[in-house]
Protein chains: 4
Amino acid sequence: MSKINKVVLAYSGGLDTSVIVKWLQDTYDCEVVTFTADIGQGEEVEPARAKAEAMGVKEIYIEDLREEFVRDYVFPMFRANAIYEGEYLLGTSIARPLIAKRLVEIAEETGADAISHGATGKGNDQVRFELGAYALAPGIQVIAPWREWDLNSREKLMAYCEERNIPVDFSNKKKKSPYSMDANLLHISYEGGNLEDPWWEAEEDMWRWSVSPEAAPDQATYITLGFEKGDIVSIDGETLSPADVLTKLNKLGGDNGIGRLDIVENRYVGMKSRGCYETPGGTIMLPAHRAIESLTLDRESAHLKDSVMPKYAELLYNGYWWSPERLALQKLIDATQEHVNGEVRLKLYKGSVTVVGRRSDNDSLFDASIATFEDDAGAYDQKDAEGFIKLNALRLRIAAKTGRKLS
Amino acid sequence: MSKINKVVLAYSGGLDTSVIVKWLQDTYDCEVVTFTADIGQGEEVEPARAKAEAMGVKEIYIEDLREEFVRDYVFPMFRANAIYEGEYLLGTSIARPLIAKRLVEIAEETGADAISHGATGKGNDQVRFELGAYALAPGIQVIAPWREWDLNSREKLMAYCEERNIPVDFSNKKKKSPYSMDANLLHISYEGGNLEDPWWEAEEDMWRWSVSPEAAPDQATYITLGFEKGDIVSIDGETLSPADVLTKLNKLGGDNGIGRLDIVENRYVGMKSRGCYETPGGTIMLPAHRAIESLTLDRESAHLKDSVMPKYAELLYNGYWWSPERLALQKLIDATQEHVNGEVRLKLYKGSVTVVGRRSDNDSLFDASIATFEDDAGAYDQKDAEGFIKLNALRLRIAAKTGRKLS
Amino acid sequence: MSKINKVVLAYSGGLDTSVIVKWLQDTYDCEVVTFTADIGQGEEVEPARAKAEAMGVKEIYIEDLREEFVRDYVFPMFRANAIYEGEYLLGTSIARPLIAKRLVEIAEETGADAISHGATGKGNDQVRFELGAYALAPGIQVIAPWREWDLNSREKLMAYCEERNIPVDFSNKKKKSPYSMDANLLHISYEGGNLEDPWWEAEEDMWRWSVSPEAAPDQATYITLGFEKGDIVSIDGETLSPADVLTKLNKLGGDNGIGRLDIVENRYVGMKSRGCYETPGGTIMLPAHRAIESLTLDRESAHLKDSVMPKYAELLYNGYWWSPERLALQKLIDATQEHVNGEVRLKLYKGSVTVVGRRSDNDSLFDASIATFEDDAGAYDQKDAEGFIKLNALRLRIAAKTGRKLS
Amino acid sequence: MSKINKVVLAYSGGLDTSVIVKWLQDTYDCEVVTFTADIGQGEEVEPARAKAEAMGVKEIYIEDLREEFVRDYVFPMFRANAIYEGEYLLGTSIARPLIAKRLVEIAEETGADAISHGATGKGNDQVRFELGAYALAPGIQVIAPWREWDLNSREKLMAYCEERNIPVDFSNKKKKSPYSMDANLLHISYEGGNLEDPWWEAEEDMWRWSVSPEAAPDQATYITLGFEKGDIVSIDGETLSPADVLTKLNKLGGDNGIGRLDIVENRYVGMKSRGCYETPGGTIMLPAHRAIESLTLDRESAHLKDSVMPKYAELLYNGYWWSPERLALQKLIDATQEHVNGEVRLKLYKGSVTVVGRRSDNDSLFDASIATFEDDAGAYDQKDAEGFIKLNALRLRIAAKTGRKLS
């Protein structure tokens, strides 16, 4: 165990990370700097200050990172239409790189030689925090208490609290849930408890951000989203900041029972896990973005994006946001978004999102004069299709003539 | 124009293809063989016989291909989780290869030297029919009347009917629709008319196979699908044939307002077009298949499938079902489905499909003893994660040490 | 046939394109503008002026595009390590986009409504010229005489020359070859004649740019190439312009019997063709670029590039240089080249190119202190490998425990 | 440290693995089973028996696996045209899965609970051995002495030998080399020593399997290889077994100075390393296989293979031969090889391999009647090209008309 002088901890203000403050102080005999960020998790961050102070923390960072989070992480990811394993909108994955970045920046500012976090040794989040930290600060040390200590049961943790005078009541709301939860402006996740049986259906009162489809209004809600260069900049004509866009879409989605997801996913560390997610705004954003792209993006650019998307999503899921390969892919993706401008109209109703219209004044590539079923006045010469088909078929015909069978 | 002796026509029994019968007889002075297939379009096929006979057709093929269609085309495609441009379930694309195959087989049986179809020169279907035909019968000739004749307006077509004594009333139901429609057991599509304005919302009475979400029952319907090697073999415990599976899922989906899609897509011939689709059963099958895979498929097999899926879907959309590259991809896909066995439970409610459970007695790779948030009794050593992260980070750290910046 | 007022012709000054000048004047009764470019084909371009004048051409463009060709086309392509079908360095493909661009620019400058070229209807070059032209000038018309006229034999062509007083002796050197040839600073190609039998070995005197390996010096030549951002900027310490780099490498390669290639390739129009190529400089550049990348490029960036390279090469081969998808891929590729700086030492000897050393003062990611077989003083902790392997194996073990067989 | 009763060791008979025998006996107080395989490394394996016996080993496996190695590992890999990072023919990677498989099979036969190997904690081979072992025998334990012991310098190792009476002279030939070497029928590798400076050129006397190009014959050697389903089955008309094919090609290549490679590669464990390789036969096989494919493989099958090849090569390099994803890819690859039959003629001369001819009686897709530059008698209608180009250009023109710029 190398000597640590000062460590920056990703501190939520909850019980677990409060225990970590103490444990770091005790175990490493080092100073702890706490870092608490508002990334839209829906809980006050300011109370973390008093708790940290009470444990003798001298350097306390509390920051509102919501705008940065949506602008520099969520939006670039949605430009890629990123979705992991066909279902997951990467809500947890996308928040980690920002935390990792601030941790190492604060370490530099405060002269700390290590960072620490409260993620377990079984999950993806440890990987995401640490890969990010190492990529941005190659000499940093990382302390992952859950991989080191022996407080691996609730009882031992409680005993430790009592012994060290850590007030156990300061975590409250979350403790009422039997699930392991994580939230940010993009989503809230649930794992563990009964969900460890993948056949078991999540009970209604687990969900926190959305009403059930059954409880949603009987009347559909229609909205219009405005896009500039692939990002949403307005809702129903009102220009909004990135964080305000997502906040409002979360409200609209949640009110309409939209964004619940129940999946079994493959973790980077090699196991399958079952997770439930609520991503109300994101569940609206994805089809809306695809819809504006469907009108404004060239076919081959769109297909190229689709072909690299699974790789991009995998990189994010696995924790490689801060990597040269993600940056290179982002260049490709962003290069396609120049003309992704216009509006998308959507219908939100009891759990479903339906695109019902899309338009773009200057960037539409939909040419009704060519596509029409009516007389096109020569805009398209149907006879061209014969040569097109004949040459595309040529290799197949040559092969078939040699006697090769395809069926 | 080469001399044609006999031509096999894909004959729906409707007005357009009836005109084509006459036009082929007149223009090529050849015999016409009609081929009418029930692929689940929901219309009687037997009436096509009398119509064909009335026009002097001597060789008439009328076939029920529903089981073959689902078993050999729809199911293999769903094993791949195929989806075109993020949205489209390829309902039209997947029916064409079967028609093309039967056309050239009948041509061989009847000694015909050509085939013909009623697809226009602007669409994908001409490509799909003809690529398939050329791949399976490289010497076949193809007559595509819509690319050849000058009956390119409704008026000219009607004038031709009158002149040739083609009874115009024998197409009826479809004519009431202002849309160009196509149906099979997987879906029904709508194009043209008001849909040529992509901002315009399709009116409720366009849709034929599903009730609106608003009109669907207020109570959710739960179903359990049984999978064997990636294919659905039972619904709620009842073993069903492929076509019966899809028929029943169409009913379940349609009753619950499921499967409507409204998109702008990129045609292979180079234009964008707007289409609306109803795919009630398919919209249930896709997430169900992904769910059973999520439990039973190895991570890297799943990711490999995801990485080739856009290519596979593009091949199907573009008409390359009968190609060596599609067959090679199918080998890869089918090789992954050996253990995709088990059950998936879904909730259908007012337009949305939600997976709520999945299980597999023998093939689950979900190992709760490893994934658990509780004490895992040593099944997983959290300390392994440190080495895993350290070595995955090594290249990033080395790069960062040379001064490279990622942010 | 639409009315053409003025057409810009890609004019080599040889017989075929001279015939085209006349044929265009006759057939379209239009003015012809000739465009002749030096892209390193190794023939004088200035003589084309007198020939064009003799045929009454008033607007004559003769340009030296060698630097632009290498800087903006060849070098960006080599950053991608582009190679088509595992063998072909795309020497013809890469020159066409530049010609297409100048053709439509000159059309705009001279008010021409069409462009024309001398490529046949069987090859890739017509596609490359025309896709480029349409992409840059969507309203341009294209006249491809070889697809239109009936001068499809040498006799008919000669008869036409005689009839129209086209001096047939003004093409000379090339006529001595029985092969269809094309050259630019990157390569020279040979097709047709005896090569149409793919079992037949090209005779020694076909090759023009290289000595045979047998005739090359008995002593190896060593050279050192300097790279900046992925491009070669110096040879043996001497800073050179892009065109000078390639000119010198062609000399070095040709003198050492390097760069001959004999392949069967798949044309975009659907047929296989046999071609022989001499690419002396390019055959040195490719392994040299890979070598400097091997030292300076991050592993995953390198693998990402490799994964998109076949697509990139296919795009270039098929004529999609001027497309949004090529531009997006180029962004990705160029983003990886920032640190591809340093030197590569190569041995050239009787047909083979061998990398024997590579170094980079500031951008090497090779860390001998870690990689060493000697004591590394703790730079790398071998124990980390255990966790790395264990977690990478986890999914395989879980699957194996369920009884799945891999062998 | 869990209790080990019996361990199967991959035993070369050399000093290092002899030390491991002793160390395992001492450290784990367990029985050691030795496994020594002839995979074409060019050294006698039988002497390993006496050495093992001298150390008290009771169960000794000595096997000739050369045919299995080439038939079931090398040949399937070459069907894929596998090449890592553009250069490396995976000579070491491909031997490990076979060793891993035999290790766990012998463990099962002998009732051993562990396997062991002599690979270090820095390299890829530990990963390849262990991933393979875990995939095939999920409950197996792995002992990797180099990661555990403290004999991490030559001095300590020698001291241990003396202390334990291990005769140090029984490894001899290899000790004369300052390099870390590994050999099998496909290649021999060199690492370490002076090679740790990537600018340093390997000296001539390092290379063992090939003469220098300078020392090779002044006369070229021509050979003809016969292929069946993608595998080489004959040389110059003589039918040979897989191992005999590779043995003979190694001789032919080595005699002609062929197969030397000097690269910096990216290891899976995260570092770059410099390696030199001699792969005489493989360097002939790769272009020969590509040549027979060029004649017999459909374009899109070939491009599909090329698109997945980097992934396939990466899997092999990283040690995932025994994985469901490699098996699925192999299905795809093998499905394309059905018609890869015929002959390739090559010229071997002073370090270079040149394909000079290829033919296939029944499976050639090269159709000279279509490709010809002469009159093709209507086999190909050049007018088809216009429609082909027009429709391929359509999307580009529509985009350009909206004002989008590509240059």
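1. Rings of Phe, Tyr and Trp (the six-membered ring of Trp) are taken as a pair if their centres lie within 6.5 Å; planes under 30 degrees apart are called stacked, those over 60 edge-to-face, and the rest tilted. By this rule the whole structure contains 54 aromatic pairs over all chains. One of them joins Tyr88(A) and Tyr317(A) in an edge-to-face arrangement, with 6.1 Å from centre to centre and 85° between the planes. This pair links distant parts of the chain, 229 residues apart: Tyr88(A) lies in the loop between helix H3 (66-79) and helix H4 (96-110) of chain A, and Tyr317(A) in helix H10 of chain A. Helices (H or I, at least four residues) and strands (E, at least two) are DSSP runs, numbered from the N terminus.

2. The basis of the values is as follows. This is a predicted model, in which local features need pLDDT of at least 70 and side-chain atom pairs count only at pLDDT 80 or more, whereas totals for chains, interfaces and linings use all residues; side-chain values use heavy atoms, with hydrogens and water left out. Residues are numbered from 1 along each chain as its sequence is written, and chains are lettered from A and ligands numbered from 1 in the order in which they are written.

3. The interface of chain C and chain D takes 102 residues from chain C and 102 residues from chain D, contact meaning heavy atoms within 4.5 Å. About 9400 Å² is buried between these two chains, and carbon and sulfur atoms give 58% of that area. Buried area here is the accessible area (1.4 Å probe) that two parts lose on being put together, summed over both. Trp199(C), Lys272(C) and Leu406(C) supply 9% of the area that chain C buries against chain D, more than any other three residues.

4. Polar and charged interactions also cross this interface. There are 10 salt bridges between chain C and chain D, a salt bridge being a side-chain nitrogen of Lys or Arg within 4 Å of a carboxyl oxygen of Asp or Glu. One of them connects Glu201(C) with Arg345(D), whose closest N and O atoms are 3.4 Å apart. In addition, 48 residue pairs are in polar contact across the interface of chain C and chain D (both at pLDDT 80 or more). A polar contact is a pair of N or O atoms within 3.5 Å; within protein, one must be able to donate a hydrogen and the other to accept it, and residues adjacent in sequence count only if both atoms are side-chain atoms.

5. On the side of chain C that touches chain D, helix H13 (residues 384-401) of chain C gives the most, with 12 residues. By class, that side has 46 nonpolar, 21 polar and 35 charged residues. Ala, Val, Leu, Ile, Met, Phe, Trp, Tyr, Cys and Pro count as nonpolar, Asp, Glu, Lys and Arg as charged, and the others, Gly among them, as polar.

6. Chain C can be laid on chain D by a turn of 180° and a shift of 0.0 Å along the axis, with an RMSD of 0.0 Å; that is the relation of a two-fold axis. Copies are superposed by least squares on the C-alpha atoms of residues with pLDDT of at least 70 in both. Ser352(C) comes closest to the rotation axis of the residues of chain C, at 2.8 Å (C-alpha).

7. The contact between chain A and chain C takes 21 residues from each of chain A and chain C. These chains bury about 1700 Å² between them, 73% of it on carbon and sulfur atoms. The count is 0 salt bridges between chain A and chain C, and likewise 0 residue pairs in polar contact (both at pLDDT 80 or more). H11(A) gives the most to the side of chain A that touches chain C, with 7 residues. The residues of that side divide into 12 nonpolar, 3 polar and 6 charged.
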